[in-house]
Amino acid sequence: MKLTIIANWKCNPSTLKEAKKLFSLIKERAKNSSKEIIICPPFIYLLPLISCKNKPKNLKLGAQNCFFKEGPFTGEISPLMLRNLGVDYVILGHSERRKLAEKDEMINEKVKAALKSKLKVILCIGETDEERKLGKTFEILKFQLEKDLFEISENQLKNILLAYEPVWAIGTKNPCQVEDLKKVVIFLKSINKKFKILYGGSVNKENFSQYLKVKDISGLLVGGASLNHNEFLAMIS
Ligand code: PGA
């Protein structure tokens, strides 16, 4: 199984020059990597990075969000626009967007629209600290999956990467324990054995390899550490 390492740059870096520099370092290392590497920069850097010459086939670009329609929607970007630009993936349902009042119903609309436009989806799910403490992790994951994947067929699942990102582990230097991740992976696989599951939340060059050894884990979604080339290059090597 080919492992996938995703870089979620979030709202960084502040100049195109920095974005290009980081991307070019990743590009060189990607040439010798057996992994699939997906870089998700802010929208405005997608085109210049896609246009970068000599990209190896295992290096792809992803958006961090998209809308589900085209037309009178000021400030939005449609999945078809992304696809026509050469973007391969889109992150949907990230907890930082859920915090901005993005509801599961809308995430589902976005998933359907993205797949229809031939984008592959990186769907983020995960429980908050409060939900975890109440022992509701599985209940929340099941709820999010039912809503976010409503009317998605078995066949479409091959174009979806499911990123388990516990909210309490994101940007906190408090990553999920491997034993806890194993339980979540078993639970998710019991819902559908076709799910391709990734882990995200405070992944860095010290802890990443233990997650990749977990049975049925297909890769990682890396936020903060993906902006540091020393950290990220170590993970894709
Ligand atoms: P982090 O972010 O690696 O900085 O915790 C992960 C994410 O939000 O995708």
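## Exercises on a predicted model and its ligand

In this predicted model, a backbone N or O atom of Gly-224 lies 2.8 Å from an oxygen atom of the ligand. The exercises below start from that contact and then move along the chain.

### Exercise 1: the ligand and its surroundings

Find further polar atoms of the protein that approach an oxygen atom of the ligand, and then describe the setting of the ligand as a whole.

**Solution.** Begin with the backbone, where a polar atom of Gly-223 is 2.8 Å from an oxygen atom of the ligand. Turn next to the side chains, where an N or O atom of His-94 is found 2.7 Å from a ligand oxygen atom. Each of these pairs counts as a polar contact, because the cut-off for two N or O atoms is 3.5 Å. As for cover, the ligand taken alone exposes 280 Å², and the protein buries 95% of that area. The site that holds the ligand is the largest pocket.

Then consider the shell, in which 13 residues surround the ligand, and those that come nearest are Lys-10, His-94, Glu-165, Gly-171 and Ser-202. When the residues of this shell are sorted by character, four are nonpolar, seven are polar and two are charged.

### Exercise 2: backbone geometry in three loops

Locate the cis peptide bond that involves Pro-13, and then examine the phi angles of Lys-118 and Lys-173.

**Solution.** As background, most residues other than glycine have a negative phi, and most peptide bonds are trans. The cis bond joins Asn-12 to Pro-13, with an omega of about -15°, and Pro-13 itself belongs to the loop between β1 (4–8) and α1 (16–30).

Lys-118, although not a glycine, has a positive phi of about 70°, and its place is in the loop between α5 (104–116) and β5 (120–125). Its relative accessibility is 65%, so Lys-118 counts as exposed, since the class begins over 50%.

Lys-173 is likewise not a glycine and has a positive phi, here of about 60°; this residue lies in the loop between β6 (160–164) and α8 (178–191). With a relative accessible area of 80%, Lys-173 is exposed.

### Exercise 3: buried or exposed?

Decide for Gln-144, Trp-9 and Lys-20 whether each is buried, partly exposed or exposed, and add what can be said of the place and the partners of each residue.

**Solution.** Start with Gln-144, which is part of helix α7 (residues 137–148). Its relative accessible area is 7%, and therefore Gln-144 is buried, as the limit for that class is under 20%. A polar atom of the Gln-144 side chain lies 2.9 Å from the backbone nitrogen of Gly-126.

Continue with Trp-9, whose place is in the loop between β1 and α1. With a relative accessible area of 0%, Trp-9 is buried. Measuring tools in a viewer can be used to follow the next step, in which Trp-9 is paired with Val-185: the two are 176 residues apart in sequence, and their C-alpha atoms are 25 Å apart in space.

End with Lys-20, a residue of helix α1, which counts as partly exposed because its relative accessibility is 43%. Along the chain Lys-20 and Pro-48 are 28 residues apart, and a distance of 8.0 Å separates their C-alpha atoms.

Notes:
Residues numbered from 1 in each chain as written. Heavy atoms only, no water. Near = heavy atom within 4 Å. Polar contact = N/O pair within 3.5 Å; in protein donor to acceptor, adjacent residues only side chain to side chain. Areas by Shrake-Rupley, 256 points an atom, 1.4 Å probe, with all protein chains shown as cover. 1 Å grid on protein atoms, 1.4 Å probe; cavity = no way out; pocket = protein on both sides within 12 Å on 5 of 7 lines; lining within 4 Å. Sits in = over half its atoms within 2 Å of the grid points. Nonpolar A, V, L, I, M, F, W, Y, C, P; charged D, E, K, R; others polar. Helix = DSSP H or I, 4+ residues; strand = E, 2+ residues; numbered from the N terminus. Buried < 20%, exposed > 50% of the residue type's maximum accessible area, 1.4 Å probe, protein only.
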